[in-house]
Every structure is written in C-alpha cells, then in structure tokens.
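Visitor: I would like to understand how the labels on this structure are earned. Could you walk me through a few of them?

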Amino acid sequence: MKPAPALAEGFPDLSGMRIAREPHWFRWLSAALIVLVLAAIARAFANGQIEWSYVSRFITAKVILEGIVNTMVMAVLAMALGIFLGIVVAIMRLSPNPVLKTVAAGYTWLFRGTPLILQLLLWFNLALVFPTIGIPGLWSARAVDVMTPFLAALLGLGINQGAYTSEVMRAGMLSVDIGQYEAAQAIGMGRLRALRRIILPQAMRVVIPPLGNEFIGMVKATSLASVIQYPEVLHNAENIYYANSRVIELLIVAGLWYLLVVSILTPLQMLLERRFARGTLRFAR
Amino acid sequence: MTKPLVAIRSVAKNFGEFQALKNVSLDVWPGEVMCLIGASGSGKTTLLRCINQLAVIDSGGIWLDGELLGVREQSGRLHRLSEREIGRQRLKTGMVFQRFNLFPHKTALENIIEGPLQVQGRKSDEVHAEAIELLRRVGLSAKADSYPAQLSGGQQQRVAIARALAMKPMLMLFDEPTSALDPELVGEVLAVMKELAKSGMTMMVVTHELGFAREVADRVVYMDQGAIVEQGRASDVLGAPREERTKAFLSAVI
C-alpha cells in the first residue's frame, strides 16, 4: 500500500477551538419592548372599570361550572356525531355509485352553505313546521316536547360539523397511496373492508391535526347554542350579568374557561397523534 | 389431459386512446414459471393486473382454474360479477407489487395474517403458526414485529411475498418485484422467488432481470406495444431471438 501524500501547509488545525456565543442584541431589545407593552396593557386593565373580585367569585360559581360541563358534553357529542357523519359522507363521496356521490355532495353543499346559527334556530323551531313528529302508526309526539334545546343544539352542531369533517376525511383518504388499496384488494378485501382495515387507519394520522382544529372550533361554536337556550357556559354567564350587570367580569369568566379547555385539548391531541403514528417512525419501538 | 391454469383469449384493454393490450392470447400451465419481458408500456404489467382484476378487460376472456374471471355468461350475454365474487376469485392469485405496498401501520407478521384472518376468516393460532413458518421461509424470522419502515426494501418485498403466499394462491403474480430495489438487495428477493419456483408454484413474473429469466423461467414471453411478439424457452428467446423487435430490445437491455 502506498503512503498517503503529505498534506499542504497553511491550513491550521481548528479542532481545539470553540464557536463564540452570538450576542443577539435584537432579540433582547424586542423582548424588552414586548414586556413593556404587556405591562402597560395589564396596568390599563387593572385600573379600568373591572371589579376583579367578581371574576374570582364567579369563576367557580356552580352555574358557571355547570355551564362549562354542558359546553364540553355538547362539544364531545356533537363532534362524535360530526365525525361519524363525516366518515360516512366521505365514503359515499368516494364511492363509484353516482347516487351516493350526489347525495353526499348535496349534504355538504346545504350544511356548509348556510350559517350555523340559522341552522340552530331552524332545528329549535322545527315545531313551527311539523307540530307533531313520529313514525305513522307506530309512535308520535309533539315536536316542542322532543326538540329540546339539547337535541336542537346536538343536531344543529353535529350535522353542520359533519359537512366540514367529511371534507377533512376525504382529504385523508385521498392522501393514502393507491397501492394500499390495490394491495388490500389483492388479498381479497372488498371496498368497505379495505377502507376500514387499511385506508382509514392510515388516513387518521393525516386527519388528526385538522380534526383537532375542528374540535377546538366546536368547543367555541357551542356558544352559539346560547341563542336556543342551551345552558352552556356563555348562556349561563349572560344570565348572571342580566341580573347583576357585571357584563365584562362575566365575559372574562367565560373566556378564561374557554382558554383553559382549549389549553388542555392540545396535549391530548399530541397523545392521539402518537397513537396513530404507529409504524411511521423508522427506529421507534 | 391437463388443462392450463390460466387461459387468456383475445384480451384487449384500452386506457382512453391508448391500447395497452391488443388481442392477447396465452396459456399458463400448472407449475410453469413464465417471465414476461418488454419495454415499459408494452402491456406486460397490464396483463398481470387483468389476471388479478385490478384492471378490467374491455374484451376477450380470462379463465383461471377453469373459471371465467370477472363476468358470468348467461343467455348470450356477459354479466359483471359482484364485488364479493370478484374478491373470491382474487384469492386464487397472489400479487407482489413493484413498490411492495405493505400496510405501513401493521408489523410484518400483522401484514401476513391480515388476509387469512380478516378475509378468509381462518383460526387465529393456525394462521399465526403458518405466518411464522412463512417468515422463516423468506428468511425473516427475526423481523416478525418490525414495521415496514424499519425494514430494507429487500426485506419488505420478502414480507410482501409471504403476505401473498399466506392466502395459499394457485398462481403468483410478480409485477417487477426487484425494480424498486437497490442493486445489492435484488439477490435476496430473487433467491426467495427461485425457491418458490422450485417448490412447484405457478408463477408469472414481469421482470427486467434477464439472468433470473434465463435461470428459472420455463418460458419467456416478449411483449411490445400491447401484443406478444415472441415466446418460447428462455434459452431460445433470450439466446437466439427470431424477431427483429426482440433482438433490438435485448441488445438495448444487455
């Protein structure tokens, strides 16, 4: 073996030297400015016409706590309905059957095309259209008794959510490689089984971030149900300030609760994402 | 008298204006290893996909194990089979894809047992034992619990072969099984295929591996522009081609 040729002179050995720390003057300056602005805002609020004692008194009031529980119950149930409808409609939309396709597209068009608050009002006032509802010969009831604020809010929020979720689910299914569908067919799977066993589990990984977004939107959208007397947190806060006129204080109470709930949801979403990321990390196990 | 396992008669398939298959007829006999060669776009992959009904033929007929595929003849007309019946017919063939198409959210073992458990509804412990035996056969006993992303291309393709074999097919279809592999990984997949050929499996292999064709194939079929140009023993077609187009293709490839 030939010896390696001698290295050229004039290129000193730097391996012992460390890289100096950068001063980052601009970062320090901008951070100081932002702290100043925040302090000014805090001072303004502290001296403004807000009785903070009311905020701390009502933040754990029974009516407010019941309200936030109702908010969460409605958000979870309506989102569940929305995801169920979304999956069904997305599958219909991707089916080769033109009837199913058209029905799915029509559903999305109708419920995405009208304001949510209008849909809530329509559900709640269904009794004006159909005084009695039921299955002819089997069961019937007065619509006012059936269409409670709870049911009207659930239907309004859930069915509206389904229209949006169907597009999220459809995008997720389209993101799965066509070869996956062919491989599923090649081992004898039918369309629905391939969707359930192979395509949807892979689509979930893609759709969880947008679904998390949608769920956070849903938590806040439940506040619209206050117009149909559903006792969620904003509705209950309003009822209190109608009595004691502490409008801003109670709006702050409701706002803090929304912020808290949304803050808890973010780490939950990360847990879910990890669950569906199975097999995607090369060295994870 | 034995009958062909696959009988292809006057099959045509178009993709829009493009004629992928023009009047193709071919028999594949039980135990035969057939290699399909030809330039890309010559129709060899489409022919495989038609046998597995991933592509639907426009005219002609394909019989597998004596059964007409995809359609039923009734009072002078052809009626399409239901999805369920097509699924049942697909169980007679195993397909290995160029890009493996393993299910990324399932381990190697789960990939193999998915079909037997979910589609064939067989008993879990029996299916597990067979899957472990199949993994041993493709040399991947240690990788049962690995996800596809943790396996090399060659290992993934061997799992894919095991997945296809788990359905106990009568016919194995290989669609360019080594084309997506790094050169040093081709050999391990070809070795598994050779072992499979030796065991008597009927195989149709679309491939550019002429060395494999020469060594293992009972018959080589050269296709060009959607038609079969030349076929015969590997030594004849590859060693002494009669058709000009075959000669041109072979001199371009080697």
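Guide: Gladly! This is a predicted model, and a good place to begin is B:Glu133 and B:Arg136, whose closest N and O atoms are 2.8 Å apart.

Visitor: Why is the contact of B:Glu133 with B:Arg136 called a salt bridge?

Guide: The limit is 4 Å between a side-chain nitrogen of Lys or Arg and a carboxyl oxygen of Asp or Glu. At 2.8 Å the pair falls within that limit, so the name applies.

Visitor: What separates B:Glu133 and B:Arg136 along the helix?

Guide: They are 3 residues apart in helix H4 (residues 124-137) of chain B, so about one helical turn lies between them.

Visitor: Why is B:Glu133 called partly exposed?

Guide: Its relative accessibility is 38%, and the label covers values between 20% and 50%. B:Arg136, with a relative accessible area of 49%, is partly exposed too.

Visitor: How do you know that A:Asp177 and B:Arg99 join two chains?

Guide: Their side chains meet in a salt bridge of 3.6 Å, N to O. A:Asp177 lies in the loop between helices H8 and H9 of chain A, and B:Arg99 in the loop between strand S8 and helix H3 of chain B, so the pair joins two chains.

Visitor: What makes B:Arg99 exposed?

Guide: Its relative accessible area is 55%, and exposed means over 50%.

Visitor: And why does A:Glu182 count as buried?

Guide: Its relative accessibility is 15%, and buried means under 20%. A:Glu182 also meets B:Arg49 in a salt bridge at 2.5 Å, N to O.

How values were computed
Residues numbered from 1 in each chain as written. Chains lettered and ligands numbered in written order. Predicted model: local features only at pLDDT ≥ 70, side-chain atom pairs only at ≥ 80, totals over all residues. Heavy atoms only, no water. Helix = DSSP H or I, 4+ residues; strand = E, 2+ residues; numbered from the N terminus. Buried < 20%, exposed > 50% of the residue type's maximum accessible area, 1.4 Å probe, protein only.
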